[in-house]
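Please work through the exercises below with the structure open beside you, and try each task before you read its solution.

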Amino acid sequence: MLMWFNYISRSKTSTAFVLLVHLSLHTFDEGQAVDPSCLCIRFTSTYGKERGTFSSPDYPRPYSRQAACVLYTFAASSHQIVEVLFTDFDIYKENLDCTRGDFVKVYSEVGLHGPGPPGINEYALWSRVLCGSRMDAPPAIYSHGPVLVLELNVGSKLSNATGFIGTFKFIDRRNFETDGVHVQDTWCDYVFDSHPSRPPYGRFYSPRYPSSYPSNIRCSYHFNARKNERIKLVFEESFLQKGDESCLNRADVIKVYDGRSSADPVLSIICNEIVGYEILSTGAELLVQFTANSNISGQGFKARYQFQMEDNSSADLNTLKKTIDESFGPAVSAATISSCHQVFSSDKSKNGTLMSPKYPMSYPQKSQCHYDFLGRGRERVRLVFQDFSLQTITGQMVDCDSTDSLDIFLYVDGRLEKMVSLCGTELPKPIMSNGPMLTVVFRGIYSSRNSRGFKISYGFLEDYAIASGKQLAGFPCAFVFNSNDSARGTVTSPNYPGIYPRDTECNYFFYGNRDERVRLHFTYFDIEGVIPCKVVSASDYIQISSQMIDPQSPRYCGQMKELYATSEKNFLRLTFKSNDRLDATGFKAHYIFLRDTVMNSIKMQDIDSGSMKSAFTKKWKLIYTMIVINMLK
């Protein structure tokens with residue numbers, strides 16, 4: 001305890017007293033320090049409470065410059081890991097990487113050295129360094145083993161930073177054991193077989209979850225169902241990297257293959273942060289491959305699996321639909337709630353027609369109908385409206401909640417979320433789901449002799465209603481355009497001219513010959529978002545690059561009359577990415593492969609002032625058009 005008393009003797013009385021009272025509720029003793037002058041505080045128990053507490057010296061007043069170094073060691077039992085939550089965090093940020101001045105180092109992997117207390121020294125490796133505000137601190141920190149250490153360092157510059165306060169908890173690591181059979185001589189490969197004597201469900205995790213996963217690993221999870229079974233996966237939480245980058249630009253990714261090997265089609269690529277993401281295989285085999293090559297590891301993922309009989313795929317809808325039924329209240333009688341419920345499965349038909357009751361005659365009053373669409377694999381549900389005429393209340397219609405309506409529900413984060421309500425007589429644009437499932441609810445309370453109802457063509461599509469290019473099996477949504485196949489053509493966003501689907505990334509790869517470049521001319525552009533189209537504004541975007549991997553290339557969103565882009569060489573990548581909020585109608589662009597000699601004659605420096613720009617001058621627009629016409633004759 002020598003270091004503790006040395007700290008008190010050179011601190012203000014108030015600082016020592018407050019910290020002493022706070023720490024008297026816990027066990028603390030001396031351990032190995034990075035700096036011999038560090039104060040070492042050890043937490044070994046929460047004393048019957050769910051969580052213990054800790055804080056920086058003098059919190060919530062600014063921490064003292066005299067507290068140059070404080071080590072917080074959290075020591076759990078051998079079968080446990082440590083969870084630390086900062087409820088407030090304010091450490092003066094002197095530089096962006098937090099390596100000078102004031103900072104908090106986190107040691108997630110601390111060894112046990114003999115019978116004494118665990119500790120760290122000047123050679124120990126930290127997992128992360130923190131400084132700044134509460135927004136800069138992670139939501140939770142987990143140890144890899146039974147010990148976690150926080151090192152508070154205080155520099156010489158004065159500030160009013162108040163430090164931190166937080167809670168800690170010891171968690172049984174056995175709560176995060178993968179249920180599959182570990183493959184011998186591998187570090188993180190597992191096999192999951194469906195068997196009559198075992199439960200048809202279970203869980204699987206990234207290595208060391210909920211702590212950060214190691215770098216430079218590849219884990220494979222093989223799922224083998226029985227005949228007439230499919231595999232359903234739900235990624236309850238996945239925290240690989242923050243942000244909204246294309247998965248092409250990520251070093252850490254989860255790929256789900258619709259079969260036993262990486263040669264099978266890719267159902268999904270996960271690389272950012274998601275919650276409640278569902279996947280359903282088309283057959284009896286599925287492969288999940290987790291690759292981590294980044295320098296900064298995320299928390300990883302936790303997921304559950306279930307082997308389902310093919311005819312039980314609609315069982316999960318019952319609980320979700322109950323929420324919809326209750327939302328309509330007493331306006332619709334119980335006798336009519338399920339009178340026109342239908343389930344459309346892609347196993348039975350890939351397309352068909354959906355009509356309101358008695359169409360084209362007027363539908364009955366007090367009608368309520370559920371229409372559930374159940375696809376599989378990477379299928380998306382597309383609705384194309386052929387006729388639409390619903391009764392409206394006499395007078396001015398404020399919204400669709402007060403009249404007859406057709407509500408479209410998507411599955412977001414494991415729950416039903418209303419995408420749009422349709423009413424009146426205007427023919428809606430086509431709609432596409434964000435996954436293999438979609439629910440439509442028709443509420444026809446009023447009706448009249450002039451209310452024909454609706455007629456809708458539906459289809460289960462894997463090509464996202466993108467009519468051009470050659471689709472690739474190695475991505476959920478990717479298309480190749482080769483100049484040898486077509487020197488020019490049209491490319492659109494998914495479901496164009498309808499509303500593009502949410503939670504979707506599509507990549508378009510343009511390959512020209514060695515002496516060619518690619519030119520894009522967007523004649524329609526409506527991408528929901530705010531410039532500069534970043535995650536802070538929850539913006540959808542397109543990204544255009546002359547390289548396959550290029551996180552720094554420009555993004556575009558909002559509404560524009562025209563947009564032009566030219567590749568630097570013979571390759572161009574166009575990435576479209578939408579999130580789970582709000583909607584728009586996407587883009588339409590014309591592409592053309594032009595020889596370098598043609599491009600040079602247009603004097604690109606006058607047209608673009610760089611490789612990419614959003615407008616021609618009138619002069620060069622005319623020259624460009626004449627050259628293209630002559631070339632294509």
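The exercises that follow concern a predicted model.

**Exercise 1. A mixed sheet**

Find the five strands that form an open sheet, give their order, and state which are the edge strands.

Step 1. Reading across the open sheet, the strands come in the order β20-β22-β27-β24-β25, and the pairing among them is mixed.

Step 2. The edge strands are β20, which covers 342-345, and β25, which covers 415-422, since each of these pairs on one side only.

Step 3. When direction is ignored, neighbouring strands of this sheet are turned by 20 degrees against each other on average.

Step 4. Strands of a sheet pair through backbone hydrogen bonds, and the pairing may be either parallel or antiparallel. In the case of β22 (residues 367-374) and β27 (residues 437-444), the sense is antiparallel and the pairing runs over eight bridges. To locate one bridge partner on the display, start from Q368 and look in β27, where R443 is its partner.

**Exercise 2. Two cis peptide bonds**

Determine in which loops P210 and P497 are found, and describe the peptide bond that leads into each of them.

Step 1. P210 belongs to the loop between β12 (201-205) and β13 (217-224), and the peptide bond that joins Y209 to P210 is cis, with omega near 10 degrees.

Step 2. P497 sits in the loop between β31 (488-492) and β32 (504-511), and the bond from Y496 to P497 is likewise cis, here with omega near 5 degrees.

**Exercise 3. Positive phi, buried or exposed?**

Decide whether N216 and S447 are buried or exposed, and give the phi value of each residue.

Step 1. N216 is found in the loop between β12 and β13, and its phi is near 60 degrees, a positive value in a residue other than glycine. Because its relative accessibility is 62%, and exposed means over 50%, N216 counts as exposed.

Step 2. S447 lies in the loop between β27 and β28 (453-461), and the phi of S447 is also positive, near 60 degrees. Its relative accessibility is 10%, and because buried means under 20%, S447 counts as buried.

**Exercise 4. A serine in a loop**

Describe the surroundings of S553, beginning with its place in the chain.

Step 1. S553 is part of the loop between β34 (541-545) and β35 (555-556).

Step 2. With a relative accessible area of 8%, S553 is buried.

Step 3. Its side chain reaches the backbone oxygen of D550 at 3.0 Å. If residues up to four places away in sequence are not counted, S553 touches Q543, I544 and S545.

**Exercise 5. The largest nonpolar core**

How many residues does the largest nonpolar core have, and which strand gives the most to it?

Step 1. In soluble globular proteins, nonpolar side chains tend to be buried together.

Step 2. The largest nonpolar core has 33 residues, and those with the most contacts inside it are Y508, F510, F522, I542, L574 and F587.

Step 3. The strands β30 (478-482), β32, β33 (516-527), β34, β37 (563-566), β38 (571-578) and β39 (586-595) each supply at least two residues of this core, and β33 gives the most, with five residues.

Step 4. To examine one member, select L574, whose contacts beyond four places in sequence include Y508, F510, F522, I542 and F587. Apart from this core lies another, of 30 residues, among them F54, V82, F89 and I91.

Methods:
Residues are numbered from 1 along each chain as its sequence is written. This is a predicted model: local features need pLDDT of at least 70, side-chain atom pairs count only at pLDDT 80 or more; totals for chains, interfaces and linings use all residues. Side-chain values use heavy atoms; hydrogens and water are left out. Two strands pair if DSSP finds at least two bridges between them. Helices (H or I, at least four residues) and strands (E, at least two) are DSSP runs, numbered from the N terminus. Axes are lines fitted to C-alpha atoms, for helices over the stretch in contact, and angles run from 0 to 180 degrees between N-to-C directions. Buried means under 20% relative accessible area, exposed over 50%, partly exposed in between (1.4 Å probe, protein chains only). A polar contact is a pair of N or O atoms within 3.5 Å; within protein, one must be able to donate a hydrogen and the other to accept it, and residues adjacent in sequence count only if both atoms are side-chain atoms. Contact means heavy atoms within 4.5 Å. A nonpolar core is a set of buried Ala, Val, Leu, Ile, Met, Phe, Trp, Tyr and Cys residues joined through side-chain atoms within 4.5 Å.
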